[in-house]
Amino acid sequence: MPIEQSARRGRFITLEGIDGAGKSTHLGFIRDWLAGRDIDAAFSREPGGTPLSEKIRELLLAPETVVSLDAEALLAFAARQQHIAEVIEPALAAGRWLVSDRFTDSTYAFQGGGRGIPFERIRVLEDWVQRGLQPDLTLLFDLPLEVAAQRMSGTRQLDRFEQEAAGFHQRVRDAYLARAAAEPGRFAVLDSSRGIAEIQADIALHLQRLLERG
Ligand code: ADP
């Protein structure tokens, strides 16, 4: 590996939002933007990203899974620890950028906001599992629930979280927005009710800023 590449740690970008907010839609754009600037980047997702973590993902998303609140959060963090150890840390240490479709903000939003696990309890697991690792940039795709639901209707079979009632998704959205307000330096909140081109112009701005950051 060239010296210039190993000398600097890569950047860690996470994508967040309620289901149907457009994360998958914009992944290709982000991939092309980074490739266009010769940035060596890896793409991953949570829960998932490693063989073990993908098995945990299947369990977490399957509509027939019966799981307690705390076990759900612990499984999410078990999958995350493996993802960090096997994929995220090695990539960043090698100077690669790592883009993850969901990360810990999802646990705060879904298990915290959605299910009601106190944020302080999630923070204990975050500290244990991440040892200070935080994303450099979190793109939060935000839009009203009704718009997201409309966009998703009929496009795919809904998983265990997508099947939750509207109140759940509203609490998830609110928790995301509260986290973004508390950490404005890390979060970029993107109004995703707009057209795709407008959103992607915003994404490009934030990526450019991250690239230029010393
Ligand atoms: P997520 O990955 O966040 O769950 P998706 O990217 O799968 O969301 O988007 C959900 C649906 O909404 C898809 O059918 C997608 O084509 C559509 N969609 C995404 N962004 C927009 C947009 N800005 N305008 C209109 N439709 C959109």
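## The largest pocket

A pocket is an open set of grid points with protein on both sides within 12 Å along at least five of seven lines, and its lining residues have an atom within 4 Å of a point. In this predicted model, the largest pocket is lined by 35 residues. Those that lie nearest its centre are D19, K23, R102, R156 and E162. The volume of this pocket is about 750 Å³.

Six helices give two or more residues to the lining: α2, α3 (51-61), α4 (69-93), α5, α7 (145-152) and α9 (196-212). Helix α2 supplies the largest share, five residues.

## Annotated positions

UniProt, in an unreviewed entry, places a "binding site" feature at G17, I18, D19, G20, A21, G22, K23 and S24. From this set, I18, D19, G20, A21, G22, K23 and S24 belong to the lining of the largest pocket.

Two of these positions can be followed further. G20 lies in the loop that runs between β1 and α2 (23-36). Apart from neighbours within four places in sequence, G20 is in contact with L143, A148, R151, M152 and R156. A21 is in the loop between β1 and α2. With a relative accessibility of 1%, A21 falls under the 20% cut-off and therefore counts as buried. Outside its neighbours within four places in sequence, A21 is in contact with F141, L143, R151 and S192.

The unreviewed UniProt entry also lists "domain: Thymidylate kinase-like" for residues 15-203. Over residues 15-203, the chain is 56% helix and 13% strand. The end C-alpha atoms of this stretch are 11 Å apart.

## The sheet

Five strands form an open sheet in the order β2-β3-β1-β4-β5, and their pairing is parallel. The edges are taken by β2 (41-45) and β5 (187-191); each has a single partner strand, so one side of each is left without a neighbour in the sheet. On average, neighbouring strands are turned by 20 degrees against each other, direction ignored.

At the β2 edge, five bridges join β2 to the parallel strand β3 (residues 97-101). S44 has S100 in β3 as its bridge partner.

## Helix α5

Helix α5 (residues 104-114) packs on the sheet and touches β1 (12-17), β4 (137-142) and β5. The direction of α5 makes about 20 degrees with that of β1.

The helix is mostly covered, with 11 of its 11 residues buried. Among them are T104, D105, Y108, F110 and Q111, together with G112, G113 and G114. The cover over the buried residues of α5 includes β1, β4 and β5 as well as the helices α4, α6 (119-130) and α8 (166-182). After α5 comes G116, with a positive phi near 95 degrees.

## L190 in the edge strand β5

L190 is located in strand β5, which stands at an edge of the sheet. L190 has a relative accessible area of 0% and is therefore buried.

What surrounds L190? Leaving aside neighbours within four places in sequence, L190 is in contact with L139, L140, F141, D142, D202, I203 and H206. One of these residues, I203, is 13 residues from L190 along the chain, and the C-alpha atoms of the two are separated by 8.0 Å.

How values were computed
Residues are numbered from 1 along each chain as its sequence is written. This is a predicted model: local features need pLDDT of at least 70, side-chain atom pairs count only at pLDDT 80 or more; totals for chains, interfaces and linings use all residues. Side-chain values use heavy atoms; hydrogens and water are left out. Two strands pair if DSSP finds at least two bridges between them. Helices (H or I, at least four residues) and strands (E, at least two) are DSSP runs, numbered from the N terminus. Axes are lines fitted to C-alpha atoms, for helices over the stretch in contact, and angles run from 0 to 180 degrees between N-to-C directions. Contact means heavy atoms within 4.5 Å. UniProt positions are given in the numbering used here, feature names are shortened, and annotations may be inferred rather than shown by experiment. On a 1 Å grid over the protein atoms alone, a cavity is a set of points where a 1.4 Å probe fits but cannot get out, and a pocket is an open set with protein on both sides within 12 Å along at least five of seven lines; lining residues have an atom within 4 Å of a point. Buried means under 20% relative accessible area, exposed over 50%, partly exposed in between (1.4 Å probe, protein chains only). Grid points are joined across faces, edges and corners, and a volume is the space filled by probe spheres set on the points.
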